[in-house]
Amino acid sequence: MRTRIVMLAVASAAVAIVLFGLPLAVAGALYAQQYKVLDLERQAERSAMRVSHSLADGETPDGGDLDDFADLTFRSAYDGDGEWLLGRGPMTADEFVLKALRGRVATGSSDGDLVAAVPVIDQGDVVGVVRVSGSSSTLLWPVGLAWIGMVALAGVAIGAVWLLARRQAARMALPLDQLSTAAQRLGNGDFSVRLPPVAYAEIDAVGASLNRTAARLDDLLARERAFSAEASHQLRTPLTSLRLGLESALERPGEDPRPALQQGLRSTERIERTVEELLELARDTHGAVDALDVGALLAETRGQWAAQFDKQGRPLILVVDPQTPPALASGAAVRQVLAVLLENALVHGSGPVQVTARDAGDAVGIEVSDRGPGITLTDSELFTRRSPSATGHGLGLALARRLAEAEGGHLRLARPSPPQFALLLRAASMH
């Protein structure tokens, strides 16, 4: 591409130089010729003045009166009948001499010579003619030098265009090369590629589109990876509940297995819904959300988790302020955040667990607290995803905070000891 740009620029410059320079060269040559003819005419007039007395007396002029010093011009004199008298000119009167005998100045070119013939007039009568001539190639040699100079300048101009075109082509090709490299990296799965803006609006538009595509693919890949990394963590509790229910039924072979099977079906439904919600959140496909009834959602969540807390002798208390407004958030996202908080309280906390919902001004506040040991981790450590083999709070808190922020809310540690987490969601208008 660089070579094509350079060749196109040089060809365009050459065409422009030819279209402009050729007429200029021709016009310069014509001007120089006309100027030289006028100069010959002036020389002939000066010589005519010097020989006019001799020709008027019918005498042959002195050669010195013609001022012929064997320079680039040739002078000759003719009498009133066109007879050659002296000088370096044709022995027989030519068309220029004949025209001058009629009282008019004759100029032009003949056989490669420039000619000027001037009548010698005495008391109104033509008494002779002075003819001055010179070779065109000799008289117009400055034109040749000018043409050589113009060709040299044209070469310099084309060379300058070539250098500038190379530089500009390199400047234009560099962002295109970067664009090609970025597209290849994107095709190879590197979604972190980003293109900086350059000085060309068209290339910037393509680069911005590529950056947006890379960002969307990067975000989609991050969500898919988050689902892969967090799904097992989120499914551990319902799978454990299902396994414990089946093991309990096997330990009592004489009893009716129907209650255990019904409990297993409920756990299976819960697992299926959890998987669907995680996929929906990972792909960000839930779209616009309607106002969420926080009280109903918390009651449903308590029904799912109460049995597990009861097995440990720990009550799960639900307190919902009647003035709590609906929230603008996805029910799937809020359920997953609450699942993380309740599982952490179940595994790492102690004593009763209380879930409180209240009006927090322009937000809906949901608080989850227990009587477990205090949390000593900083906020950045607590909500940063760690190794799956790590222990303590924080295995799912990173996902929970991301889900909360994706819904326009925020999850924070409201009190380190005893632990209390607060989830703030946007409140829906009551009007």
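The exercises below concern aromatic rings, one helix and the salt bridges of a predicted model.

**Exercise 1. Classify the ring pair formed by Trp305 and Phe309, and state where the two residues lie.**

Solution.
Step 1. The structure holds 2 aromatic pairs. In the pair of Trp305 and Phe309, the ring centres are 6.5 Å apart and the planes meet at 50 degrees.
Step 2. Planes under 30 degrees apart count as stacked and those over 60 as edge-to-face, with the rest tilted. The angle of 50 degrees therefore makes the pair of Trp305 and Phe309 tilted.
Step 3. Both residues belong to helix α7, which covers residues 294-311, and they are 4 residues apart, about one turn of the helix.
Step 4. Buried means under 20% relative accessible area. Trp305 has 2% and so counts as buried; Phe309, at 0%, is therefore buried as well.

**Exercise 2. Describe the geometry of the pair Phe383 and Phe421, and find the charged group that sits over the ring of Phe383.**

Solution.
Step 1. For Phe383 and Phe421, the distance is 6.4 Å centre to centre and the angle between the planes is 85 degrees, an edge-to-face arrangement.
Step 2. This pair links distant parts of the chain, its members being 38 residues apart. Phe383 is in the loop between α9 (379-382) and α10 (397-406), while Phe421 is in strand β12 (residues 420-426).
Step 3. The relative accessibility of Phe383 is 9%, so Phe383 counts as buried. Phe421 has a relative accessible area of 5% and is therefore buried.
Step 4. Over the ring of Phe383 sits the charged end of Arg401, 3.8 Å from the ring centre.

**Exercise 3. Compare the span of helix α7 with the expected value, then describe its bend and its two ends.**

Solution.
Step 1. The helix has 18 residues, and at 1.5 Å a residue it should span 26 Å. The expected span uses one less than the number of residues. The end C-alpha atoms of α7 are 26 Å apart, so the two values agree.
Step 2. A kink of about 45 degrees is centred on Trp305.
Step 3. At the start of α7, a side-chain oxygen of Asp293 comes to within 3.2 Å of the backbone nitrogen of Gly295.
Step 4. Just after α7, Gly313 adopts a positive phi of about 70 degrees.
Step 5. Among the buried residues of the helix are Leu297, Leu298, Thr301 and Ala306.

**Exercise 4. Locate the salt bridges of Lys36, Arg335 and Arg358, and determine which residues form a network with Lys36.**

Solution.
Step 1. The structure holds 5 salt bridges. In one of them, the closest N and O atoms of Lys36 and Asp39 are 3.9 Å apart.
Step 2. Lys36 and Asp39 are 3 residues apart in helix α1 (residues 2-56), and so are separated by about one helical turn. Asp39 has a relative accessible area of 19% and is therefore buried.
Step 3. Arg335 pairs with Glu300 at 3.8 Å between the closest N and O atoms. Here distant parts of the chain are linked, with Arg335 in helix α8 (residues 331-348) and Glu300 in helix α7, 35 residues apart. At 30%, Glu300 is partly exposed.
Step 4. In the salt bridge of Arg358 with Glu367, the closest N and O atoms are 2.9 Å apart. Arg358 is partly exposed at 34% relative accessibility, whereas Glu367 is buried at 16%.
Step 5. Through salt bridges that share partners, Lys36, Asp39 and Arg42 are joined into one network. Arg42 also lies over the face of Tyr35, at 6.0 Å from the ring centre.

Technical notes. Residues numbered from 1 in each chain as written. Predicted model: local features only at pLDDT ≥ 70, side-chain atom pairs only at ≥ 80, totals over all residues. Heavy atoms only, no water. Phe/Tyr/Trp six-rings, centres within 6.5 Å; stacked < 30°, edge-to-face > 60°. Buried < 20%, exposed > 50% of the residue type's maximum accessible area, 1.4 Å probe, protein only. Lys NZ or Arg CZ within 6 Å of the ring centre and 35° of its normal. Bend = angle between axes of the 7 residues up to and from the residue. Polar contact = N/O pair within 3.5 Å; in protein donor to acceptor, adjacent residues only side chain to side chain. Salt bridge = Lys/Arg side-chain N within 4 Å of Asp/Glu carboxyl O.
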